[in-house]
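Please look through the structure shown below, with an eye to its sheets, its nonpolar cores, its pocket and a few individual residues.

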Amino acid sequence: MADIILNVEVRDRAGTGGSRETRRAGKIPGILYGGEKAPVNVAVKSNEFRKALYTGKLLGHLVTLQHGEDKQSVIAKAIQFHPVTDEPIHFDLFRVGEHQLIKIQVPVHFKNHDISVGMKKGGSLEIVRHTVELACPADAIPEELIIDLAHHDIGDTIRISEVKLPEGVRPAQDRDFVIANLKASAAAQSGEGDTTTEA
C-alpha cells in the first residue's frame, strides 16, 4: 500500500471558473483519469496536498486516493505551480492497479565523487540523463537510481546496463543507452600536455 493517502472531493464545476472557485475555498483542483473510467474532476484541501507534496513521495509515486469509503491506487503524474508564488495550483492523477506495469521517469544520482579514480585525476562528470524511464510495477517504483563512481576512470561511459535494477524493474527502452560520461577536464588535458612536453 502507498505511503500517502489523499482525501479527495469530487468537483461539480470544471474549467477555469470551477478551478478558481475551488482554490478560493482553500482546496487544490485536480483531475483523475486513466483506465476504462471517464475523467473525474477532484479537489484536495490545500494544506493536506502541500503536506503530501513536501514529503517528496507524491509526484511519480503510488498514492492511495480516498473518497468516502472508496480507495484506489493512483500515480501523481503532473503538478502545476503558480509562476510567482510557486504554490501548487493543479494536479493530474492517473488510475493504476497496485501491481500494474507502468512507465515512469526516475531520477539518477551519483555517489563517491570524492574517491572516484577518474575524478581524482581531474576528470569531470558529464551527465547525459538526469532521469531514466523505467517499466515497473506501480507498487515497486524505485525512489532513485544510484550510480557508484568509485571505480570509474577518465574515458568511461556509464550505461544503463551497469545499473542494478530491482527485481521486476527494467528500462523502458530496449537499447543500452548512455547515462553519463567521465571526461577529461580542460585542466586535466592541459596537465597531460605539459607532462608530454617535459618528457
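The report that follows treats these topics in turn, and the model it describes is a predicted one.

## The sheet around strand 8

Four strands make up an open sheet whose order is 11-8-10-13, and the pairing within this sheet is mixed. Strand 11 and strand 13 (170-171) take the edge positions, and each has a single partner strand, so one side of each is left without a neighbour in the sheet.

Between strand 8 (101-111) and strand 10 (131-137), the pairing is antiparallel and extends over 7 bridges. Within this pair, isoleucine 104 has leucine 134 of strand 10 as its bridge partner. As a matter of general background, strands of a sheet pair through backbone hydrogen bonds, and they may do so in either a parallel or an antiparallel sense.

## Two hairpins that share strand 6

Strand 5, which covers residues 62-67, runs antiparallel to strand 6 and is joined to strand 6 by 6 bridges; here valine 63 stands opposite valine 74 of strand 6. These two strands form a hairpin with 2 residues between them, and in the turn glycine 68 has a positive phi of about 65°.

Strand 6 is also joined to strand 7 (residues 88-95), again in the antiparallel sense, by 7 bridges. The bridge partner of isoleucine 75 in strand 7 is phenylalanine 94. The hairpin of strand 6 and strand 7 has 6 residues between the strands, and aspartate 86 takes a positive phi near 65° there.

## Nonpolar cores

The largest nonpolar core has 23 residues, and Val132, Leu145 and Ile179 are those with the most contacts inside this core. Strand 8, strand 10, strand 11 (145-148) and strand 14 (178-184) each supply at least two of its residues, with the largest share, 5 residues, coming from strand 8. In general terms, nonpolar side chains tend to be buried together in soluble globular proteins.

Leucine 145 shows what these contacts look like for one residue: leaving aside residues up to four places away in sequence, leucine 145 touches Val106, Pro107, Val108, His109, Val132, Leu134, Ile160, Val163 and Leu165. A second core, separate from the one just described, has 18 residues, among them Leu6, Val42, Ile79 and Leu93.

## The largest pocket

The largest pocket holds about 240 Å³ of space. Its lining consists of 17 residues, and those that lie nearest the centre of the pocket are Leu59, Gly60, His61, Ile104 and Gln105. The elements that give two or more residues to this lining are strand 6 (70-81) and strand 8, and strand 8 gives the most, with 4 residues. Sorted by class, the lining contains 10 nonpolar, 4 polar and 3 charged residues.

Strand 8 therefore appears in two of the descriptions above, as the element that supplies the largest share of the largest nonpolar core and as the element that gives the most to the pocket lining. Isoleucine 104, one of the residues nearest the pocket centre, is also the residue whose bridge partner in strand 10 is leucine 134.

## Residues in loops and in helix 1

Which residues other than glycine have a positive phi? Aspartate 86 is one of them, with phi near 65°, and asparagine 112 is another, with phi likewise near 65°. Aspartate 86 lies in the loop between strand 6 and strand 7, and this residue counts as exposed because its relative accessible area of 53% is over the 50% cut-off. Asparagine 112 belongs to the loop between strand 8 and helix 3 (117-120), and at 26% relative accessibility asparagine 112 counts as partly exposed.

Glutamine 173 is found in the loop between strand 13 and strand 14, where a relative accessibility of 28% makes glutamine 173 partly exposed. Although glutamine 173 and glutamate 133 are 40 residues apart in sequence, their C-alpha atoms are 7.7 Å apart in space.

Is threonine 22 buried or exposed? Threonine 22 lies in helix 1 (residues 15-24), and its relative accessibility of 10% is under the 20% cut-off, so threonine 22 counts as buried. Not counting residues up to four places away in sequence, threonine 22 touches Arg11, Lys27, Ile28, Pro29 and Ala43.

Key. Residues are numbered from 1 along each chain as its sequence is written. This is a predicted model: local features need pLDDT of at least 70, side-chain atom pairs count only at pLDDT 80 or more; totals for chains, interfaces and linings use all residues. Side-chain values use heavy atoms; hydrogens and water are left out. On a 1 Å grid over the protein atoms alone, a cavity is a set of points where a 1.4 Å probe fits but cannot get out, and a pocket is an open set with protein on both sides within 12 Å along at least five of seven lines; lining residues have an atom within 4 Å of a point. Grid points are joined across faces, edges and corners, and a volume is the space filled by probe spheres set on the points. Ala, Val, Leu, Ile, Met, Phe, Trp, Tyr, Cys and Pro count as nonpolar, Asp, Glu, Lys and Arg as charged, and the others, Gly among them, as polar. A nonpolar core is a set of buried Ala, Val, Leu, Ile, Met, Phe, Trp, Tyr and Cys residues joined through side-chain atoms within 4.5 Å. Buried means under 20% relative accessible area, exposed over 50%, partly exposed in between (1.4 Å probe, protein chains only). Contact means heavy atoms within 4.5 Å. Two strands pair if DSSP finds at least two bridges between them.
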